[in-house]
Every structure is written in structure tokens, then in C-alpha cells.
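Thanks for coming. I will go through one chain today, residue by residue where it helps, so please keep the picture in view.

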Amino acid sequence: MTTPNKTPPGADPKQLERTGTVREIGSQAVWSLSSCKPGFGVDQLRDDNLETYWQSDGSQPHLVNIQFRRKTTVKTLCIYADYKSDESYTPSKISVRVGNNFHNLQEIRFCRDGVLPCCLG
């Protein structure tokens, strides 16, 4: 998501999008996962349904890669995690990394338990 101003912590991204404060740009990217269980992949991760979700299936670290076709400024990234819905797959740590390719990624944010859901902006 991109926004002209800093998004307040805990803000509802869907409400912000409806008011024109932010614009969802995830559809402009290519999404891939390090692994997933059948029926719990990118489509479920991106479907705007809080009842569906991504489940990894493999060794850690579990990765969600979002690659834009051209240089894109992303000012806010919102991540929803619900321990009650999916306790064994809810992340305890989230690292956000950016770069021009997979080999030059640099961590810009790190979230731990207690700050989920989190908006990084």
C-alpha cells in the first residue's frame, strides 16, 4: 500500500483505502511463497477474506516474496495475523526486507509477538 502520509498504528487498511488515504498496489506485483500447503497459498493470502490464510509447508524461514515489475515506492505495508484462527502457523517474527533483487535485500523493519497486526510505514 502506498500513502502520502504516515499511517497511524492499528489503522484499518480497508477503511483507509475507502477514504482515499491509501491505495492498494499488491495487484501490480508478482507474489511467491517459499512453500505452502495445498489450498493455503498466494490466492488465500491475498483474497481479503479473514477466514482464509497462507500456511507454509516446509523448513524455515518461511518467505513471502513480493516483486514489482518496476521500481515502486511502498510507504506502508499492512500485515494481518490472527493467532486464534491459526495458532500453529501465526508468525512470531516478521522481517521486512527491500532491494533490487533477491541477493541485495536489506532488512528495514522487524516485528515480534505483541505487535501483530502491524502496519509498517
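Arginine 46 is partly exposed, because its relative accessible area is 27%, and buried would need a value under 20% while exposed would need one over 50%. This is a predicted model, so please hear every value today as computed from it. Arginine 46 forms a salt bridge with glutamate 24, and the closest N and O atoms of the pair are 3.3 Å apart. The pair links distant parts of the chain: arginine 46 belongs to helix H2, residues 42-46, while glutamate 24 sits in the loop between helix H1 and E1, and 22 residues separate them. What about the partner, glutamate 24: buried, partly exposed or exposed? Glutamate 24 also has a relative accessibility of 27%, so it counts as partly exposed. How many salt bridges does the count come to? The count comes to one.

Now the chain as a whole. It has two helices and six strands. Reading from the N terminus, the order is α-β-α-β-β-β-β-β. There are 121 residues, and 21% of them count as buried. The chain exposes about 8800 Å², with carbon and sulfur atoms supplying 49% of that area. If you take the contacts with a separation of 6 or more, 43% are between residues 24 or more positions apart.

A word on confidence. The mean pLDDT of the chain is 81, and 82% of the residues reach 70 or more. Which element has the highest mean pLDDT, and which the lowest? Strand E1, residues 29-33, is the highest at 95, and strand E6, residues 118-120, is the lowest at 58. At the start of the chain, pLDDT stays under 50 over residues 1-5. The model has 22 contacts beyond four places in sequence for that stretch.

Next, two serines. Serine 35 lies in the loop between E1 and H2. Its relative accessible area is 14%, so serine 35 is buried. The side chain of serine 35 reaches the backbone nitrogen of aspartate 57 at 2.8 Å. Leaving out residues up to four places away in sequence, serine 35 touches Trp54, Gln55, Ser56, Asp57, Gly58 and His62.

You will have heard serine 56 in that list. Serine 56 is in the loop between H2 and E2. Serine 56 counts as buried because its relative accessibility is 10%. What does the side chain of serine 56 make a polar contact with? The partner is the side chain of histidine 62, at 3.3 Å. With neighbours within four places set aside, the contacts of serine 56 are Ser35, Cys36, Lys37, His62 and Tyr89.

Let us stay with the loop between H2 and E2, since proline 61 lies there too. Some background for the next two items: most residues other than glycine have a negative phi, and most peptide bonds are trans. The bond that joins glutamine 60 and proline 61 is a cis peptide bond, with omega at about 5°. Aspartate 48 is found in this loop as well. Aspartate 48 is not a glycine, yet its phi is positive, at about 65°. Is aspartate 48 buried or exposed? Its relative accessibility is 59%, so aspartate 48 counts as exposed.

Now the strands. Valine 64 has its place in strand E2, residues 64-68. Valine 64 counts as partly exposed because its relative accessibility is 33%. With Leu45 and Ile66, Val64 forms a nonpolar patch on the surface. Together these residues have about 190 Å² of accessible area.

For contrast, look at cysteine 111. Cysteine 111 is in strand E5, residues 106-112. Here the relative accessibility is 5%, so cysteine 111 counts as buried. How far from cysteine 111 is isoleucine 94, in sequence and in space? They are 17 residues apart in sequence and 5.1 Å apart in space, C-alpha to C-alpha.

To go back to where I began: arginine 46 and glutamate 24 form a salt bridge, and the count for salt bridges is one. That is all I have.

Notes: Residues are numbered from 1 along each chain as its sequence is written. This is a predicted model: local features need pLDDT of at least 70, side-chain atom pairs count only at pLDDT 80 or more; totals for chains, interfaces and linings use all residues. Side-chain values use heavy atoms; hydrogens and water are left out. pLDDT is the predictor's confidence in each residue, from 0 to 100. Helices (H or I, at least four residues) and strands (E, at least two) are DSSP runs, numbered from the N terminus. Contact means heavy atoms within 4.5 Å. Patches are made of residues with over 30% relative accessible area and no salt bridge: like charges are joined within 9 Å, nonpolar side chains (Val, Leu, Ile, Met, Phe, Trp, Tyr) within 5 Å. Accessible areas come from the Shrake-Rupley method with a 1.4 Å probe; for residues, only the protein chains shown count as cover. A salt bridge is a side-chain nitrogen of Lys or Arg within 4 Å of a carboxyl oxygen of Asp or Glu. Buried means under 20% relative accessible area, exposed over 50%, partly exposed in between (1.4 Å probe, protein chains only). A polar contact is a pair of N or O atoms within 3.5 Å; within protein, one must be able to donate a hydrogen and the other to accept it, and residues adjacent in sequence count only if both atoms are side-chain atoms.
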